[in-house]
Amino acid sequence: MNATAQKASILVERTYPASVSELWELWATKEGFESWWGPEGFRVEVHALEPKEDGLLHYSMIADSPEMIEAMKRGGQPTSHEVRARFSAFSPQKALAITSVIDFIPGVEAYESNIEVLFTPLAHGAHMTVTLHAMHDARFTEMQREGFTSQLGKLDKRYAK
């Protein structure tokens, strides 16, 4: 990735009527992570989640709706793939970072991708700030933004007033 691509981070923010502790559990426990991770039409199965700095995060991303399965097949992409990652930063109920190995894109040499999350307590809820670092090209970076926004939709529904 070149220096310009490195600067092309995407900032996503949400405020929920939930405690920081509740939001933290969604990122740092197997049950929490499986309950929302993955865009609409996908689910994850967590194989390992070690909630600590340099702790392992290993899961399978699985297309689980007929429409998404068909779309993946049409695009020549697998309907499931394993993701190997680690918690590259871990400050309980304050911040975390996940560094994932991107090694499942046909024709693209494996590389690392980073997501950073900050949690801020509020009087009536919590604020979550997520930074998605650019992927190998603009198209995949936009797909990452769309996918992450879609999966946050699961949390938006969960915490809708």
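**Exercise 1. Find which residues Q151 is in contact with, leaving aside its neighbours within four places in sequence.**

Solution. Start with the cut-off: contact means heavy atoms within 4.5 Å. Beyond those neighbours, Q151 is in contact with W36, W37, G38 and P39.

Before going on, a word about the model: it is predicted, so local features need pLDDT of at least 70, side-chain atom pairs count only at pLDDT 80 or more, and totals for chains, interfaces and linings use all residues. Residues are numbered from 1 along each chain as its sequence is written, and side-chain values use heavy atoms, with hydrogens and water left out.

**Exercise 2. Decide whether Q151 is buried or exposed.**

Solution. First, the scale: buried means under 20% relative accessible area, exposed over 50%, and partly exposed in between (1.4 Å probe, protein chains only). Next, the value: Q151 has a relative accessible area of 4%, so Q151 is buried.

**Exercise 3. Place Q151 in its helix and describe what that helix packs against.**

Solution. Helices (H or I, at least four residues) and strands (E, at least two) are DSSP runs, numbered from the N terminus. Q151 lies in helix 5. Other buried residues there include F140, G147 and L155. The buried residues of helix 5 pack against several elements, among them strand 1 (10-16), helix 2 (20-28) and helix 3 (30-36).

**Exercise 4. Check how confident the predictor is.**

Solution. pLDDT is the predictor's confidence in each residue, from 0 to 100. The protein averages 91, and 95% of the residues score at least 70. Over residues 1-6, however, pLDDT stays under 50.
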